[in-house]
Amino acid sequence: MRILFLTRSFNSLTQRLHVELAARGHEVSIEFDIADSVTEEAVALYAPDLVIAPFLKRAIPESVWRNVLCLIVHPGIVGDRGACALDWAIVNGEREWGVTVLQAEAEMDAGPVWASETFAMRAEASKSSLYRNEVTEAALRAVLVALDRVAAGDHVPQPPQVGTPEVRGIARPPMKQADRALDWQRHSTDQLLARLHAADGVPGVLDPLFGEPAYLFDAHRGAPVDAAPGTLVARCHGAVQVATRDGSLWIGHGRRAPRAADDIQFKLPATQVFPAQTANLPETDGYPEIRYEAHGIGDERIGVLHFAFYNGAMSTAQCERLLAAYQEALRQPSRVLVLAGGPDFFSNGIHLNVIEAAASPADESWRNINAIDDVCEAVINTTDRLVIAALQGNAGAGGVFMALGADAVWARPAVILNPHYKNMGNLYGSEYWTYTLPRRVKRAGGSAAQARQVMDNRLPLSAAQARTHGLVDAVFGADRVAFMAETIARAQRLAASADHDALVRDKMKRRERDEAERPLAAYRADELARMRRNFYGFDSSYHIARTYFVQKTPPSWTPRHLALHRTPNNTEPKAAA
Ligand code: COA
């Protein structure tokens, strides 16, 4: 089918549907929801068989849904309506939630249902984590069912019978900040956590915790402390520990409330948002960012290094901490070291928000890229054991190339990779990609041109597609828990296998050969010379793209590589929309 995605942005759910539908032979073009007239034009130019709206905040214009079948992906159970479906589901403690694919009609989220899927709500999961995992999986299943029904042509979708025992969903109002408000004196840690999780990553909970209003994000349960509820008690790197009535919470990130319409604030580590209020807090452990685990005994000994950086973004300080943790991990007696990233993201490269907030974003970009390169260099130069990158979550830009430095990359089937930098203002990229990528693509039977294509096409890849390009070596695991369990089992088998020592020896020899042919430092110097131009040169595209990204400036057009219907020679409507 020719399918037009009408979406607010090319977010993770939209990317996943895009790769999965394309893999099933559908042709998918994308139009961002910018204005009704632009949507009408896209439908006229593309003449799609149907429109799918994976992530939409506004109604589809009547001129479109009256003429083309439009399916809305709603992150709620059948009958649920409203823009804060997941937020309410978390705050209300729903045990089971769902995704409904319904036909667009005059009333938002009230049209006939084409398909619906349910899932168990994960305990203590944030909204964004549920969205990237359970919701995305259920949405894919429901969209595939709906497409089968559309193709069969004999399905008559029915409007939800709201109020009947089978239909539990109801219309819910938008969740206002008053609904989200935290009462540090009365609420239990569970209640506070549910409210904070229901607002992560957008819009956050507005709270005067730091003496002035700010949106709070990235909450985690902490150890009990002896202090009045609502008191700031400690800090750990960028996060702050707050006493609660029956325990404590870590708040990792915050965003100052804007003081005027043109005062644009963005998310940063909490201690950076409120340096004065947090400067004198004692530094302690407890914010769960980097963690090392040892598994197995004897020849089966492996180490797993977890680095769950919020949103997968890695600032200079985080890269430095990761490098120190990596070096410490190498001092442990393991035969295989697994780099596990975080549960939601493996890594998304340098920390664009922290860079944006720096006095000199160019200088901070330079420091950050060097710090992440130091991590990559340590991974590539590990020749005394095998290193596995285990992608539980998505990876983007430098985060993908960091993984490629490992001896093998394993990924969960649901993982999406964005192995390119160009979307960030034509950034050249570093992380030794010029060393690792061509070698991997060649090993998978590809050419140098194909390696270039991976970088140039600017599109996401599923784990399976990444495997055909040689970026990923194995794809397995029904879900994250199964993936990590199998990763540990596979890594232990590898550690204990008869081949292990030979593999390590081969790797050392290969590295020596490569180094003699062209030193790793030369790859880095060349990449960084290009990056220096991106950061300090007269072309400010990277700085502009970064500012737009961090400030979440709504797009004013759909990029050409996504909007297949907007090729230069396709200017005539294909059908009357
Ligand atoms: N630095 C800072 N924040 C980042 C980030 C980065 N490198 N990458 C992602 N984020 C943040 C987003 O701003 C968003 O924040 P929010 O919670 O406030 O909404 C969150 O992570 C999730 O990102 P989003 O874009 O919504 O996720 P996605 O899964 O839909 O898209 C990417 C994934 C990788 C395509 C997209 O995040 C991206 O392009 N990131 C930038 C990658 C990059 O250019 N890195 C620098 C070069 S190494």
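**Exercise 1. Which residue of strand 4 does Ala 53 stand opposite, and how is strand 4 placed among its neighbours?**

*Solution.* Keep in mind that this is a predicted model.

Step 1. Begin with the pair of residues: Ala 53 stands opposite Ile 72, which belongs to strand 4.

Step 2. Turn next to the strands themselves, where strand 3 (residues 50-55) pairs with strand 4 in the parallel sense, over 4 bridges.

Step 3. Look then at the pairing with strand 5 (residues 96-103), which joins strand 4 in the antiparallel sense, over 4 bridges, and in which Val 73 of strand 4 has Val 101 opposite it in strand 5.

Step 4. Finally, consider burial, for which a residue must have under 20% relative accessible area. In strand 4 (residues 69-74), 5 of the 6 residues are buried, and therefore the strand is largely enclosed by the rest of the structure.

**Exercise 2. Describe the surroundings of the ligand, from single contacts to the whole shell.**

*Solution.*

Step 1. Find the residues that come nearest: out of 23 around the ligand, these are Ser 12, Lys 267, Asn 311, Ile 350 and Leu 352.

Step 2. Examine the polar atoms, and note that a backbone N or O atom of Ser 12 is 2.8 Å from an oxygen atom of the ligand, while a polar backbone atom of Ile 350 lies 2.8 Å from a ligand nitrogen atom. The side chain of Lys 552 has an N or O atom 3.1 Å from an oxygen atom of the ligand.

Step 3. Consider the cover as a whole: the ligand taken alone exposes 860 Å², of which the protein buries 85%.

Step 4. Sort the shell residues by character, which gives 8 nonpolar, 12 polar and 3 charged.

Step 5. Locate their sources, since helix 1 (12-23) and helix 11 (352-357) each supply at least two shell residues, and domain 1 (2-155 + 560-566) and domain 3 (290-478 + 499-535) each contribute at least three.

Definitions and conventions
Residues are numbered from 1 along each chain as its sequence is written. This is a predicted model: local features need pLDDT of at least 70, side-chain atom pairs count only at pLDDT 80 or more; totals for chains, interfaces and linings use all residues. Side-chain values use heavy atoms; hydrogens and water are left out. Buried means under 20% relative accessible area, exposed over 50%, partly exposed in between (1.4 Å probe, protein chains only). Two strands pair if DSSP finds at least two bridges between them. A polar contact is a pair of N or O atoms within 3.5 Å; within protein, one must be able to donate a hydrogen and the other to accept it, and residues adjacent in sequence count only if both atoms are side-chain atoms. Accessible areas come from the Shrake-Rupley method with a 1.4 Å probe; for residues, only the protein chains shown count as cover. Ala, Val, Leu, Ile, Met, Phe, Trp, Tyr, Cys and Pro count as nonpolar, Asp, Glu, Lys and Arg as charged, and the others, Gly among them, as polar. Domain bounds come from an automatic or database domain assignment.
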